[in-house]
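Work through the exercises below with the coordinates open, and try each task before reading its solution.

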Amino acid sequence: SIVVNLLLAPTPRSLLQSALAQRLRSAAAALAGDATAAQRMQDYLRAGLSVCRLWLQRMGLEHSVPVLDLAALHAANEATFALLSSVGLALSNPAAGLPGTVRSALGQRLTQMADIFAAGAYPVEIEAVAAGDAPLSELAAIVLSDINATLLGFAVAPPVAPAASVRASGFFLPDAFSNPEHSRYALKTTAAAMFCYLLYSLLNWPGIHTCMLTCYIVSLATAAESVEKLVLRLVGCLIGAALGLAAMVWVVPQLTSLPQYLALIFAGPLLSAWVAVGSERIAYAGLQMALAFFMCVIQGAGPGFDMVLARDRIIGILLGNAVVYVVATHIWPVSVRGKIESGMDACLAALRQMLGAADVSTRRQLAASVQTLADTVQADLDRANYEPPTLRPGLAWLNQRRQIASRMASLTAPLLLPPGAAQLTVVERQLEELQGLWAELEPSREVAHAPT
């Protein structure tokens with residue numbers, strides 16, 4: 001696997017540069033009026049800097065990129081996020097709207113930068129976009145000035161390397177030895193796995209041993225996350241098993257050589273791989289589809305014909321899912337509502353820090369954190385629907401948090417404006433209003449955190 005990846009897989013640098021090129025092209029297309037590109041740009045903003053930072057981290061671990069280039073790419077990653085935020089503000093706020101000639105010139109500039117990234121380099125010494133004779137409102141002039149400042153310092157590394165300013169999280173969570181939820185989680189997950197182990201041992205049915213593995217795979221911190229993952233495992237298992245059994249009945253008996261068998265193993269998981277590289281909300285189903293397919297088709301050193309073996313493994317997965325559902329929803333159940341509220345608390349704290357931060361790099365990092373946290377909160381709000389009615393928050397509770405989280409995310413772009421901008425006063429009032437609205441929900445939050 002290591003050799004194949006070294007020879008065929010793209011490098012972290014190429015993945016990063018491709019991602020930055022895609023982001024810049026989406027911003028350029030959004031400036032030209034492409035609604036699909038504008039939505040894609042918003043998706044990139046919600047993702048924040050986490051994906052690109054992961055590739056930057058891997059580049060540092062591999063020592064495959066010169067130190068100066070790595071620092072420049074760190075700066076380019078943050079600057080790209082700032083450009084997308086400014087473009088988003090210009091498109092969403094009529095007071096910050098840019099004239100057509102300026103949008104066209106900026107779109108061309110962003111496309112040229114994307115082409116440089118696609119060619120394997122990174123852009124430097126970028127020229128500013130001139131406003132010309134086009135009339136600009138006060139806020140539009142500030143936005144254009146901020147965009148030009150970002151372009152001029154696009155790949156210029158700050159005095160302190162970004163990696164040095166990130167505090168190491170450590171192996172353990174801060175409350176690893178004080179929060180009883182962690183020990184409860186360990187106990188109930190182990191109890192579920194041991195129940196499955198004892199069950200297939202007493203039944204003398206080792207073919208369903210996958211039930212024990214399933215307990216550890218799908219058991220997560222909250223009931224909503226566990227149920228979501230077991231649903232993905234269940235759906236992926238059934239689809240993959242159907243494909244695998246169909247191959248065993250109609251394809252495998254026709255195989256007469258090793259290349260044909262390898263072609264089947266290659267063709268089978270193509271659909272699974274397509275799903276696995278999709279949204280994180282469905283990616284695990286793709287992995288499970290491939291696993292179930294392999295369980296059916298690969299049973300030893302050659303083609304498999306034993307349908308009982310495939311049946312038993314699938315029954316084990318179904319049994320493990322059922323056991324985890326009962327344990328997650330009835331034994332020390334943990335609702336996702338606590339995770340939602342802690343995420344919103346962190347969002348508000350980051351927004352307050354942005355308001356008082358004078359350093360551009362710090363504000364960009366905080367803005368990315370807010371977007372990522374808000375996106376996670378929205379995903380958890382959707383995930384709450386997986387909880388049973390006894391745990392699930394009410395519809396009004398969910399809608400209130402969803403609206404507040406959306407408003408939090410919308411404040412990041414204005415807060416990236418230079419200090420002293422008049423728009424910041426408006427944003428500060430909006431932030432105070434959000435804080436007051438969040439404080440009014442305190443009674444319902446206390447009920448939500450009450451022990452079950």
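**Exercise 1.** Decide whether L6 is buried or exposed in this predicted model, and identify which residues make a nonpolar surface patch with L6.

*Solution.* Begin with the relative accessible area of L6, which is 69%. Because the cut-off for exposed is over 50%, L6 counts as exposed. Next, place the residue in the secondary structure: L6 lies in helix α1, which spans residues 2–8. Finally, turn to the surface, where L6 joins I2, V3, V4, L7 and L8 in a nonpolar patch of about 730 Å².

**Exercise 2.** Determine which residues of helix α10 are buried, and where they lie around its axis.

*Solution.* Within α10 (residues 210–218), the buried residues are T210, C211, T214, C215 and V218. They lie on the same side of α10, because the arc they cover around the axis is only 150 degrees. An α-helix has 3.6 residues a turn, so residues three or four places apart point the same way. As a last step, list the packing partners: the buried residues of α10 pack against α9 (180–202), α11 (223–251), α14 (283–297) and α15.

**Exercise 3.** Classify N321 as buried or exposed, and state which residues N321 contacts beyond four places in sequence.

*Solution.* N321 belongs to helix α15, residues 307–330. Its relative accessibility is 5%, so N321 counts as buried. Beyond its neighbours within four places in sequence, N321 is in contact with T214, V218, L230, R233 and L234; among them, T214 and V218 are buried residues of α10.

Notes:
Residues numbered from 1 in each chain as written. Predicted model: local features only at pLDDT ≥ 70, side-chain atom pairs only at ≥ 80, totals over all residues. Heavy atoms only, no water. Helix = DSSP H or I, 4+ residues; strand = E, 2+ residues; numbered from the N terminus. Buried < 20%, exposed > 50% of the residue type's maximum accessible area, 1.4 Å probe, protein only. Contact = heavy atoms within 4.5 Å. Patch = residues over 30% accessible without salt bridge, like charges linked within 9 Å, V, L, I, M, F, W, Y side chains within 5 Å. Areas by Shrake-Rupley, 256 points an atom, 1.4 Å probe, with all protein chains shown as cover. Salt bridge = Lys/Arg side-chain N within 4 Å of Asp/Glu carboxyl O. Arc of directions from axis to C-beta.
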